[in-house]
Every structure is written in C-alpha cells, then in structure tokens.
Amino acid sequence: MEIRALSDAEIQDAENLFREIERRAETKETAVRHFPKAIRSSRFLGAYTADLAGFLAYTPDCFDIQYIGVRKEEAGKGVATALLKELAAIAERSGASRLTVCTRRSILPLFRSFGFEEEGASFEQDGILFVPMEYLLERRWLGRHVHVSVELPYGSYHPLYPDTLVTCNKGIVEESLSDETIMEAYVVGQNEPAERAEGRVIGIVYHRDTSVCRLLVAADVPLLKKQIIDSIAFEEQYADVRILWDERNVVFEQEGR
C-alpha cells in the first residue's frame, strides 16, 4: 500500500469516492454539498493499492481531520489506520501537538482504536451527531531515557514572571536537538539545582489552546501525581493544560499513603 499526498487532479478521485461512500450511507445532501468547500482549505492524503483505496482530508494549519473514507472493497485492510499514521507523522514533523476530529458516532470505534480520546461535548448538525476527539502526539517520548540540559534551575527566580520561584529544574531535551522540533522538559522529583539531569519520560504536558507540549522527566519513580503537578505550577498555572501520563510503564504513588 502506498500513502502519499494527492495532486489537484487526484482530489477529484477522492471526491468521487466520498460521494460513493455517502450514497451508501444515505447521508443528507447538505453534507455532500459541503465537501467541495472543504477542498479549498484542506490537504489530502491518499492510500493506493491498484487504485485509490481511501483518502483523508485535513486542515494543514491545525491538523483537524475533515474527512476520512475507504472504498467498500478495501474495508478491514488497515487503510484508515495507515492514513492516520501518515498524518500523525506529518504533524509531528511540523511541530504540532495533536490531531483533532469531530467524528460521526458511527465511526467512533476507528478513532478510539487508534488512540483518539473524546474531548468536549458532542453536538448535532444536520441531524447527525458529532463527537469531538483528539489524539495527543509526541507519544514516542514516553518511557524513553533522556538527558536534559537545564536552563531554569531549581530555586532560581523565573526570568519572565517576577518573584516567581522555579520549583523544579527545566531545560532542553538533548536527544531532541537533532529533531526539527526541540523539546522542553521538567525534571521532577529532584529538589536541588542542577546543570544537567537525566531520567525517564513519565508524562507529557499539553497546552489545550496552543501547540506547546513539554516532557516530564523523573530520575526516580514512583511519585505522587499531585506532587508533580505542584512542582511545575510555577509555569503551568497560567495555562489550560492536559497531561498524558505513562500509565503502562510507571507506577505512581497513590494519594493518602
């Protein structure tokens, strides 16, 4: 299977496939009429076997998935998953922190199986129920042993927020210096200043309204999640954040022990 960006000429094939899929689903005509408008603001990925087996349309500025469709004969062969993997790779290279989609409930299992999570309230449009979802990127860092070059040492004063004390070492992940996107990290559980630190990535902090994401690095686990959150509050208290924890590989202490 070949996954690649579609040319302007090939997008017409994607539109024809879209109309074929919507006819089978007996979708309301308003949804079909919306597709040509989406072409102007979207980029397209196509999955090819002999012909176009499936396509994915997304907005390049925020990596919001507009449409995903697979030819009936190709269903169950991993076409949709391959398209999502390629989009995730493109988004990571661009420095994005997440993929988003408002999906119909009928294809909710596809996105859940890939790792998307519901984020926000469902809503109805043109008689169709849509569910907002997001997929948090940079998961490849979870569980990795990394080295951090500290720029804001524990106990110093923050250069941007007057009278704010830095309550954990923060710096640049050295392993990310060869990447197009340099990662920042908090070193948690180390209550003394350092010029350099190392440890395992136990979580990722995401800003909901921007593309900012930062790693949580710990030399020793387990730690209390509340203890970690309190230690990074000197900066993160000013943002609406969500944390993706490495629950599979890290045993966190339970509150009240």
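This is a short talk through one predicted protein model, going from the whole chain to a few single residues.

Okay, so let's start with the overall picture. We have 257 residues, and 46% of them are buried. The protein has 5 helices and 14 strands. If you lay the C-alpha trace along its principal axes, you get a span of about 65 × 35 × 35 Å. For contacts between residues with a separation of 6 or more, 62% are made by residues 24 or more positions apart. The accessible surface is about 13600 Å², and carbon and sulfur atoms hold 48% of that. On charges, there are 31 positive and 43 negative ones, and their mean positions sit 7 Å apart.

Now, the core. Which residues touch the most other members of the largest nonpolar core? Those are Leu99 and Phe116, in a core of 28 residues. Several elements supply at least two residues each, among them strands E2, E3, E4, E5 and E8, and helix H4. Helix H3 gives the most, with 8 residues.

So let's look at H3, residues 79–94. With 16 residues at 1.5 Å a residue, we'd expect a span of 22 Å, and the end C-alpha atoms are 23 Å apart, so the two agree. Its buried residues include Val79, Leu83, Leu84, Leu87 and Ile90. Right after the helix comes Gly95, with a positive phi of about 90°.

Leu99 ties in nicely here. Beyond its sequence neighbours, Leu99 contacts Leu84, Leu87, Ala88 and Ala91, and also Phe63, Phe116 and Met133, among others.

Phe63 deserves a stop of its own. You'll find Phe63 in the loop between E3 and E4. Phe63 counts as buried because its relative accessibility is 6%, under the 20% cut-off. Phe63 also has a positive phi, about 55°, without being a glycine. As background, most residues other than glycine have a negative phi. Asp163 has a positive phi as well, about 65°, and isn't a glycine either. Asp163 is in the loop between E9 and E10. Is Asp163 buried or exposed? Exposed, because its relative accessibility of 73% is over the 50% cut-off.

That same loop, between E9 and E10, is also where Cys168 lies. Cys168 counts as buried, at 2% relative accessibility. Measuring tape out, C-alpha to C-alpha: Cys168 and Leu87 are 34 Å apart in space and 81 residues apart in sequence. Among the residues Cys168 touches are Leu152, Tyr154 and Tyr186, plus Ser231, Ile232 and Phe234.

Ser231, Ile232 and Phe234 are also among the buried residues of H5, along with Ile228, Glu235 and Glu236. How far apart are the end C-alpha atoms of H5? Only 14 Å, for 12 residues (225–236), short of the 16 Å a straight helix would reach. The cover over the buried residues of H5 includes strands E9, E10, E11, E12, E13 and E14.

Last one: Glu138, in the loop between E8 and E9. Glu138 is buried, at a relative accessible area of 2%. Leaving out close sequence neighbours, Glu138 is in contact with Glu92, Ala96, Met183, Ile204, Tyr206 and Cys213.

That's my tour, thanks for listening.

Technical notes. Residues numbered from 1 in each chain as written. Predicted model: local features only at pLDDT ≥ 70, side-chain atom pairs only at ≥ 80, totals over all residues. Heavy atoms only, no water. Helix = DSSP H or I, 4+ residues; strand = E, 2+ residues; numbered from the N terminus. Expected span 1.5 Å × (residues − 1). Buried < 20%, exposed > 50% of the residue type's maximum accessible area, 1.4 Å probe, protein only. Contact = heavy atoms within 4.5 Å. Areas by Shrake-Rupley, 256 points an atom, 1.4 Å probe, with all protein chains shown as cover. Lys, Arg positive; Asp, Glu negative; His and termini not counted. Charge placed at Lys NZ, Arg CZ, Asp CG, Glu CD. Core = buried A, V, L, I, M, F, W, Y, C linked by side-chain atoms within 4.5 Å. Lists of a residue's contacts leave out its neighbours within four places in sequence.
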